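Here are my comments on the model you sent, set out as numbered points. They take up confidence, the annotated domain and its cysteines, the nonpolar cores and the charged pairs.

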Amino acid sequence: MQSEPETICNVAISFDRCKITSVTCSCGNKDIFYCAHVVALSLYRIRKPDQVKLHLPISETLFQMNRDQLQKFVQYLITVHHTEVLPTAQKLADEILSQNSEINQVHGAPDPTAGASIDDENCWHLDEEQVQEQVKLFLSQGGYHGSGKQLNLLFAKVREMLKMRDSNGARMLTLITEQFMADPRLSLWRQQGTTMTDKYRQLWDELGALWMCIVLNPHCKLEQKSSWLKQLKKWNSVDVCPWEDGNHGNELPNLTNALPQGANANQENLGQCKSLEYQHLPAHKFLEEGESYLTLAVEVALIGLGQQRIMPDGLYAQEKVCRNEEQLISKLQEIELDDTLVKIFRKQAVFLLEGGPYSGLGEVIHRESVPMHTFAKYLFTSLLPHDAELAYKTALRAMRYVLM
């Protein structure tokens with residue numbers, strides 16, 4: 001069997017504070033992720049650091065040379081690469097010899113080998129153009145089978161970035177979302193009056209879930225959240241999205257759940273995304289006496305589940321609301337109630353019964369409000385062993401009987 005001829009690739013990798021900030025390779029392979037040659041060189045540098053010679057920044061090396069050495073260096077450099085650099089070298093020489101040139105008005109000269117300033121932001125290399133091209137390609141293939149799998153792999157990559165607190169996570173999701181918004185099938189489906197396919201809508205669901213995690217990230221700065229909120233509102237104003245079955249308005253499928261929308265917000269999505277994750281965190285010194293991340297998480301979940309909110313238009317969105325509620329209640333059922341948590345349940349049940357229009361168990365509810373029966377059943381079951389009277393009041397209110 002005849003083996004393929006050996007190919008030599010020229011690879012260059014730039015680092016900044018232990019992060020790969022840029023890569024180039026002569027292989028010509030274009031992809032979102034690093035080519036095999038970049039990976040190979042990175043692994044070689046990690047495993048055999050002594051075999052890769054460390055050089056000072058080129059500005060420091062040039063500073064150590066005398067005039068003759070500098071002239072020899074420049075002439076040899078031009079000789080080796082004369083076809084590529086000679087025009088640039090001649091242009092720079094003319095500018096340096098001209099006293100009034102712009103280059104002589106600037107002190108010093110750039111050094112690409114010196115690295116960034118300590119105050120500059122540093123982030124992993126992300127080929128934004130390739131992200132856009134790849135997502136556009138996958139969407140053009142219909143979002144099914146192989147292309148759908150590839151898009152889910154991109155979503156998984158964003159999740160990995162968010163987990164590692166890589167600043168590129170939000171940027172990559174922005175690029176993906178922009179391509180989804182630019183998908184020509186959206187306006188076509190809208191014109192034809194047809195709905196999205198379930199496979200395609202599931203991809204939108206994943207977009208919404210990821211944006212939810214981004215806007216709720218406690219480690220992000222307020223300015224970042226403000227910019228994301230502005231961008232999400234901008235996307236939400238685009239009138240290209242197809243209607244769902246039973247839908248008579250323009251609403252991005254599940255992406256806008258990442259936006260705060262007052263009493264009508266889909267709070268069950270918020271709770272499912274974040275609430276019960278707090279139980280894995282250590283106690284914080286700013287917690288009040290008797291509080292823990294678990295108690296706060298349970299309280300947030302109960303507030304979200306009990307909030308009066310309007311049932312969304314569209315059968316798919318309605319099913320998703322019910323499914324998310326069931327998933328969150330299932331998570332809550334895994335927690336064993338102690339005295340502290342029982343107090344929280346009692347407190348929230350009373351608030352819900354006495355609450356105004358924000359309560360899903362208040363005296364007056366909107367006729368299109370999300371049904372409270374599943375949540376009320378969970379409250380009833382949880383409270384019954386500890387406060388039977390309150391448990392029955394909650395259940396009867398959910399059934400809308402008048403209590404005397």
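**Notes on the predicted model**

Arg 346 is partly exposed, with a relative accessible area of 32%; its charged partner is taken up in point 7.

1. Confidence. This is a predicted model, and the mean pLDDT of the protein chain is 80, with 83% of its residues reaching 70 or more. The highest confidence belongs to helix 15 (residues 373-383), at a mean of 94, whereas the lowest belongs to helix 11 (residues 267-274), at 41.

2. Low-confidence stretches. The pLDDT is below 50 over residues 248-271, a stretch that nevertheless has 74 contacts in the model beyond near neighbours in sequence. Residues 273-285 also have a pLDDT below 50, and for this stretch the corresponding count is 21 contacts. I would ask that both stretches, 248-271 and 273-285, be labelled with their pLDDT wherever they are shown.

3. The annotated domain. An unreviewed UniProt entry places the feature "domain: SWIM-type" at residues 9-46. In the model this span is 29% helix and 34% strand, and its end C-alpha atoms lie 19 Å apart.

4. Cysteines. How many disulfides does a search of the whole structure find? The search finds zero. Cys 25 is in no disulfide, and the nearest cysteine sulfur, which belongs to Cys 27, is 3.5 Å away. For Cys 35 the closest cysteine sulfur is that of Cys 25, at 3.8 Å, and the two are not bonded because this is too far for a bond; the cut-off applied is 2.5 Å. As for burial, Cys 25 counts as partly exposed at 21% relative accessibility, while Cys 35 is buried, with a relative accessible area of 13%.

5. The largest nonpolar core. This core has 33 residues, and those with the most contacts inside it are Met 172, Ile 176, Phe 180 and Tyr 200. Two or more residues come from each of helix 5 (128-140), helix 6 (145-163), helix 7 (168-181), helix 8 (184-192), helix 9 (198-215) and helix 10 (222-236), with helix 9 giving the largest share, eight residues. Leaving aside residues up to four places away in sequence, Phe 180 touches Val 135, Leu 139, Leu 151, Phe 155, Leu 186, Tyr 200, Leu 203, Trp 204 and Leu 207. In soluble globular proteins, nonpolar side chains tend to be buried together.

6. A separate core. Apart from the largest core lies another, of 24 residues, including Ile 344, Leu 361, Tyr 378 and Leu 383.

7. Salt bridges. The whole structure holds seven salt bridges, of which three are discussed here. Glu 128 and Arg 171 meet through their side chains at 3.2 Å, N to O, and this pair links distant parts of the chain, since Glu 128 is in helix 5 and Arg 171 in helix 7, 43 residues apart. Glu 128 counts as partly exposed at 33% relative accessibility, as does Arg 171 at 32%. Asp 183 and Arg 185 form a salt bridge with their closest N and O atoms 2.8 Å apart, and both of these residues are buried. Asp 387 pairs with Arg 346 in a salt bridge, the closest N and O atoms being 3.5 Å apart. Here too distant parts of the chain are linked, with Asp 387 in the loop between helix 15 and helix 16 (388-398) and Arg 346 in helix 14 (residues 339-354), 41 residues apart. Asp 387 is partly exposed, with a relative accessible area of 22%.

Key
Residues are numbered from 1 along each chain as its sequence is written. Side-chain values use heavy atoms; hydrogens and water are left out. A nonpolar core is a set of buried Ala, Val, Leu, Ile, Met, Phe, Trp, Tyr and Cys residues joined through side-chain atoms within 4.5 Å. Buried means under 20% relative accessible area, exposed over 50%, partly exposed in between (1.4 Å probe, protein chains only). Helices (H or I, at least four residues) and strands (E, at least two) are DSSP runs, numbered from the N terminus. Contact means heavy atoms within 4.5 Å. pLDDT is the predictor's confidence in each residue, from 0 to 100. UniProt positions are given in the numbering used here, feature names are shortened, and annotations may be inferred rather than shown by experiment. A salt bridge is a side-chain nitrogen of Lys or Arg within 4 Å of a carboxyl oxygen of Asp or Glu.
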